[in-house]
Amino acid sequence: MNQKLSDWASIAEIGSGIAVVVTLVLLILGIRENTDMTRASMFASSIESLNATERAIMADPDLARVFLALRAKETNNLDADDRNRLIFIIALQVRTFDMAYSMQRYGLYGDNEWSRFERNLCAAYQRAAAAGYDQLVSDLTTPEFMNFVRSSCPD
């Protein structure tokens, strides 16, 4: 009787070991899926932030005109009020990109999501620099972000 009980205990121990391994595999798969969903959500949130900013800019005729001049790299003839509008637009853009950069550094964006942001942030920085506002960008963002921009975005 003692031998039978010992046999059953061994079988139960093997079964519990298998159950632990299966549980760990399922947890790992669940965490991966949750991470992917979190990344997608963070990316969608950042894109919506950029879209909302552009919608707000385009709703104001003066801001829209300055924004389009910035996009076309034709900011040399802006008056003082328009240059102030330009500062506002650049500040909104670079703060959003700086936030996205931080999220990427903490693993909240995958490589595909980040490559889209990287292209856009380099273009935004180049437009700001062409307008003479590279120092403003530096003043509004983290040193880590600026180091990344300076090393990753071609002149």
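At 40% relative accessibility, Arg65 counts as partly exposed in this predicted model, because its value falls between the limits of 20% for buried and 50% for exposed residues. The side chain of Arg65 meets that of Asp62 in a salt bridge, with a distance of 3.2 Å from N to O. Both residues belong to helix H2, where they are three residues apart, which is about one turn of the helix. Asp62 is likewise partly exposed, with a relative accessible area of 32%.

Asp62 also forms a salt bridge with Arg85, and here the closest N and O atoms are 3.5 Å apart. This pair links distant parts of the chain, since Asp62 sits in helix H2 and Arg85 in helix H3, 23 residues apart. Arg85 is partly exposed, with a relative accessible area of 23%. Through salt bridges that share partners, Asp62, Arg65, Asp82 and Arg85 are joined into one network.

How many salt bridges does the structure hold? The total is five, and another one of them pairs Glu48 with Arg55, whose closest N and O atoms are 2.4 Å apart. Glu48 counts as partly exposed at 38% relative accessibility, and Arg55 is partly exposed as well, with a relative accessible area of 48%. In general, side chains of opposite charge can pair when their charged atoms come close.

The following table lists three of these pairs.

| Pair | Closest N to O distance |
|---|---|
| Glu48 and Arg55 | 2.4 Å |
| Arg65 and Asp62 | 3.2 Å |
| Asp62 and Arg85 | 3.5 Å |

**How the helices pack**

The two helices linked by Asp62 and Arg85 also pack against each other: H2 and H3 meet at an angle of about 70°, with their axes 9 Å apart. That angle makes H2 roughly perpendicular to H3. On the side of H2, the contact is made by Asp62, Leu63, Arg65, Val66, Phe67 and Leu70, while H3 contributes Asp82, Arg85, Leu86, Phe88, Ile89, Ile90 and Gln93. Sorted by class, the residues of this contact are eight nonpolar, one polar and four charged.

Phe88, which lies in helix H3 (residues 80–105), is partly exposed, with a relative accessible area of 41%. Phe88 and Ser46 are separated by 42 residues in sequence and by 19 Å in space, from C-alpha to C-alpha.

A second packing pair is formed by H4 and helix H6 (residues 143–152), which meet at an angle of about 85° with their axes 11 Å apart. H4 and H6 are therefore roughly perpendicular to each other. Trp114, Glu118, Leu121, Cys122 and Tyr125 of H4 make this contact with Phe145, Met146, Phe148, Val149, Arg150 and Ser152 of H6. The contact of H4 with H6 is made up of eight nonpolar residues, one polar residue and two charged ones.

**Buried charged residues**

Which side chain of opposite charge is nearest to Asp98, a residue that is buried yet has no salt bridge? It is Arg105, at a distance of 7.1 Å, so the pair does not come within the 4 Å that a salt bridge requires. Asp98 is found in helix H3. If its neighbours within four places in sequence are left aside, Asp98 is in contact with Leu140, Thr141, Thr142 and Phe145. Phe145 has already appeared among the residues of H6 that touch H4.

Arg127, which lies in helix H4 (residues 111–130), is a second case of this kind: Arg127 is buried yet has no salt bridge, and the nearest side chain of opposite charge, Glu54, is 6.5 Å away. Not counting residues up to four places away in sequence, Arg127 touches Leu70, Arg71 and Lys73. One of these, Leu70, is also part of the contact that H2 makes with H3.

**An unusual backbone angle**

Lys73, another residue touched by Arg127, is placed in the loop between helix H2 (61–71) and H3. What is the phi of Lys73, which is not a glycine? The value is positive, at about 55°. Most residues other than glycine have a negative phi.

Terms used. Residues are numbered from 1 along each chain as its sequence is written. This is a predicted model: local features need pLDDT of at least 70, side-chain atom pairs count only at pLDDT 80 or more; totals for chains, interfaces and linings use all residues. Side-chain values use heavy atoms; hydrogens and water are left out. Helices (H or I, at least four residues) and strands (E, at least two) are DSSP runs, numbered from the N terminus. Buried means under 20% relative accessible area, exposed over 50%, partly exposed in between (1.4 Å probe, protein chains only). Lys and Arg count as positive and Asp and Glu as negative; His and the chain ends are not counted. Contact means heavy atoms within 4.5 Å. Axes are lines fitted to C-alpha atoms, for helices over the stretch in contact, and angles run from 0 to 180 degrees between N-to-C directions. Angles under 35 degrees count as roughly parallel, over 145 as roughly antiparallel, 65 to 115 as roughly perpendicular and the rest as oblique. Ala, Val, Leu, Ile, Met, Phe, Trp, Tyr, Cys and Pro count as nonpolar, Asp, Glu, Lys and Arg as charged, and the others, Gly among them, as polar.
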